[in-house]
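User: Please take a close look at the aromatic pairs in this structure and describe how the rings are arranged.

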Amino acid sequence: MTDFEIEWNKMINGEIYNAVNPEFFKKLEITQLKLWEFNNLKPGQTQKQAEILHTLFGSHGTNMRINQPFRCDFGCNISIGNNFFANFNLTILDEGKVSIGDNVFIGPNVNIFTACHPIDPAERNTVEWAEPVTIGNNVWIGGGATILPGITIGNNVVIGAGSVVTKNISGNSVAAGNPARIIKHLTPGNNCHDTVEPC
């Protein structure tokens, strides 16, 4: 195993790793080139867009649509289920694994972060680690929301627009605010016509 492979495995496993290993920058550059091509395609070039995303993600299901522009770090640490839609300006920092379930809708200007840095400034210059993010099935994330490292969002959840999710959100609920908190519990099948003002 090479030095880079050792550091990569540390990153994926949530351990402190050497983020300045030159091979990280090479992988980042490969991803950025793919994203540059994706983000600069003309409207209507949906087949080419899909081809690029297919080479970018670790895995994905059917019926996936991501509006330009889209940004991520590596791409290969992202897995997406079926029937996925993301609006403009989705950013995913996928040093850790990002797992997204089926039937997930993401509004514009949403951020999903896995990269972590110490609060102490001296440590911050040398130390980095990552914590995975998991998003369940049938989730709607409102525009401008931010999902912080290590978060799990359960099934059938709505995250209100502009929310900052700092703690896990249990299933069948609506969460909103900064920091986000559960403001409503849902009964599957009985809330389909409710209007949630923060979203």
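Analyst: In this predicted model, a search of the whole structure finds seven aromatic pairs. One of them joins Phe4 and Trp8, whose rings are tilted, with 5.9 Å from centre to centre and 50° between the planes. Both residues belong to helix α1 (residues 3-12), and because Phe4 and Trp8 are four residues apart there, about one helical turn separates them. Phe4 has a relative accessibility of 14% and therefore counts as buried, the cut-off being under 20%. Trp8 is likewise buried, with a relative accessible area of 15%.

Trp8 also takes part in a pair with Phe24. The ring centres of Trp8 and Phe24 are 6.1 Å apart and their planes meet at 25°; planes under 30 degrees apart count as stacked, so this pair is stacked. Trp8 lies in helix α1 whereas Phe24 lies in helix α2 (residues 22-39), so the pair ties together parts that are 16 residues apart in sequence. Phe24 is buried, as is Trp8.

These residues belong to a wider arrangement: ring pairs link Phe4, Trp8, Tyr17, Phe24 and Phe74 into a cluster. Trp8 has a charged neighbour as well, since the charged end of Lys27 sits over the Trp8 ring, 5.1 Å from the ring centre.

In summary, Trp8 pairs with Phe4 in a tilted arrangement and with Phe24 in a stacked one, while the charged end of Lys27 sits over the Trp8 ring.

Definitions and conventions:
Residues are numbered from 1 along each chain as its sequence is written. This is a predicted model: local features need pLDDT of at least 70, side-chain atom pairs count only at pLDDT 80 or more; totals for chains, interfaces and linings use all residues. Side-chain values use heavy atoms; hydrogens and water are left out. Rings of Phe, Tyr and Trp (its six-membered ring) pair if their centres lie within 6.5 Å; planes under 30 degrees apart count as stacked, over 60 as edge-to-face and the rest as tilted. Helices (H or I, at least four residues) and strands (E, at least two) are DSSP runs, numbered from the N terminus. Buried means under 20% relative accessible area, exposed over 50%, partly exposed in between (1.4 Å probe, protein chains only). A charge sits over a ring if NZ of Lys or CZ of Arg is within 6 Å of the ring centre and within 35 degrees of the ring normal.
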